[in-house]
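Here are some short exercises to work through with the model open beside you. Try each task before reading its solution.

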Amino acid sequence: MREASELSTLAIREASYAAAAGEGAARVMLRCATLAKITDKPGQILRTFVSPAMNEVHRTMRPWMEAAGMAVGMDRAGNLRGVYPADADADMPRLLIGSHLDTVPNAGAYDGVLGVLMGLALVESLAGRTPGFAIEVIGFSDEEGTRFGAPFLGSRAVVGELQGALLQRIDHAGATVGEALREFGAAHTDAVDASLAPGSGAYLEFHIEQGPVLESRNLALGIVEGLAGQSRGNVVFRGRASHAGTTPMRLRSDALAAAAEWMTRVEAIASRFENAVATVGEIEAEPGAVNVIPGFVRCSLDVRHPEDSARDAAVRAIFDEAHVVGRRRGITVEAEQYHEHPAVRLAAEIVAMAERAAKRAGYATIRMTSGAGHDAMVMAPHLPSAMIFLRNPGGISHHPDESVAEQDMAAGLHAGLCFLDEYAAWIGKKEGGQHA
Ligand code: HGY
Ligand code: MN
Ligand code: MN
């Protein structure tokens, strides 16, 4: 039974957390709006890997992070990294809190940046107090893969996977990842190394739920325990460009007609694999003139599934169908998977810590598997990781209409402050050798 004095101390602490969370949420909301105005394409939100807009985001966020008492740097992969307290050395126990600063084209104002700004707001809520460990807030330079097709460039650099063929991927202008980094100045001498500090002990990511589940359950927060695996690929159809007015229908080798027939089959095949999703999001048709039969078409393919074997089978079936359509039409087909990430289960101990923290803050939660990919899936094999989803009224994302309510940001920050307490206790037990 807790003593009355202990209860009052707890009540005072929870009240101060709730107040700090409310103030922090107002700042997060304002800052999401500020960063939403920073774009590579006026009229919509678009920020890509080490782009001019990304540079401006860094310039905007640095003073916020420095004013919070952080030492701020950019690493060799263009990740923005702030450490609190500023004098924390690399060996000090450390909690990483992060997400990504890049976006898809015509994005919303919260996917990615929300998680970075929540980390910053938690540091500010400490008001100069050090919770017994350092906090590193990371704004990853690329999670979406919008510029180079391959996702997670920032977090993969931090875990030592940004190398080899990945550095040679080229963007639409023909620049490689490595050239883009050098041009951004991320490869200069005083950039911090893109790696984990030795004292890093766990990773926490706040993220807008990119779906309708929390809203349907009237919950502010969700606890992510796993993320679906994902495959990305291209399917190229090579026919024969020819005059649109003089080529009889029976003599055509129309690459776009073949791609269109295949795309309708993609939906049918994906529906055969329960819990699979498959999307053709990009299509390029050449030469791209109204009066020329397309001779070349490239379609992107994105396939997700909670079970890796089912995802592999779905990708194979979809690629096979492209070859069937090509053979029937006399069209050459090339299908390649250039990226995949296996499904990930997050660390039970840290997931439970996040769940306890939310409960202590007074918020009921559900356990969720994320259909969307997140940097947490890259960090998880290297650091015990957890994710907290914030409700998304309307459930739409990768769209300007995505939204998060300020009160749910406050819920996330209150849970985050309780998480810091839980993490401090967890570290204490580890240092005391009490961990299994
Ligand atoms: O595509 C995704 O799942 C994430 O939004 N990058
Ligand atoms: Mn996204
Ligand atoms: Mn995201």
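For the class counts used below, Ala, Val, Leu, Ile, Met, Phe, Trp, Tyr, Cys and Pro are nonpolar, Asp, Glu, Lys and Arg are charged, and the others, Gly among them, are polar. Please keep in mind that this is a predicted model.

**Exercise 1.** Find which residues coordinate the manganese ion (ligand 3), and place them along the chain.

Solution. Start at the metal: H100 (NE2), D111 (OD) and H207 (NE2) coordinate the ion at 2.1 to 2.2 Å. Next, read the donors in sequence order, which gives the spacing H-x10-D-x95-H. Now look at two of these donors: H100 belongs to strand β3 (residues 94–100) and D111 to the loop between β3 and α3 (113–125), so this pair ties together parts 11 residues apart in sequence. Finally, check accessibility: both H100 and D111 are buried.

**Exercise 2.** Work out which residues are the protein donors of the manganese ion (ligand 2), and which residue bridges this ion and the manganese ion (ligand 3).

Solution. Begin with the donor list: D111 (OD), E144 (OE) and H398 (NE2) lie 2.0 to 2.1 Å from the ion. Along the chain they follow D-x32-E-x253-H. D111 in the loop between β3 and α3 and H398 in the loop between β16 (385–390) and α12 (406–431) link distant parts of the chain, 287 residues apart. The bridge is D111, and the two manganese ions lie 3.4 Å apart. To finish, compare accessibility with the cut-off: buried means under 20% relative accessible area. D111 therefore counts as buried at 5%, while H398, at 39%, is partly exposed.

**Exercise 3.** Describe the largest pocket, and explain why it lies between two domains.

Solution. First take its volume, about 1,200 Å³. Then turn to the lining: among its 48 residues, E144, R232, E282, D302 and R304 lie nearest the centre. Strand β12 gives the most to this lining, with 5 residues. By class, the lining has 15 nonpolar, 19 polar and 14 charged residues. Domain 1 (2–228 + 343–435) and domain 2 (229–341) both contribute lining residues, so the pocket lies between them.

**Exercise 4.** Say how many nonpolar, polar and charged residues line the second largest pocket.

Solution. Locate the pocket, which holds about 240 Å³ of space. Of its 15 lining residues, R81, V83, R94, E136 and V192 are closest to the centre. The largest share of the lining, 3 residues, comes from β1. Sorting by class gives 8 nonpolar, 2 polar and 5 charged residues.

Key
Residues are numbered from 1 along each chain as its sequence is written. Chains are lettered from A and ligands numbered from 1 in the order in which they are written. This is a predicted model: local features need pLDDT of at least 70, side-chain atom pairs count only at pLDDT 80 or more; totals for chains, interfaces and linings use all residues. Side-chain values use heavy atoms; hydrogens and water are left out. Donors are N, O and S atoms within 2.8 Å of the metal (3.2 Å for Na, K and Ca); water is not among the atoms, so sites may look incomplete. Helices (H or I, at least four residues) and strands (E, at least two) are DSSP runs, numbered from the N terminus. Buried means under 20% relative accessible area, exposed over 50%, partly exposed in between (1.4 Å probe, protein chains only). On a 1 Å grid over the protein atoms alone, a cavity is a set of points where a 1.4 Å probe fits but cannot get out, and a pocket is an open set with protein on both sides within 12 Å along at least five of seven lines; lining residues have an atom within 4 Å of a point. Grid points are joined across faces, edges and corners, and a volume is the space filled by probe spheres set on the points. Domain bounds come from an automatic or database domain assignment.
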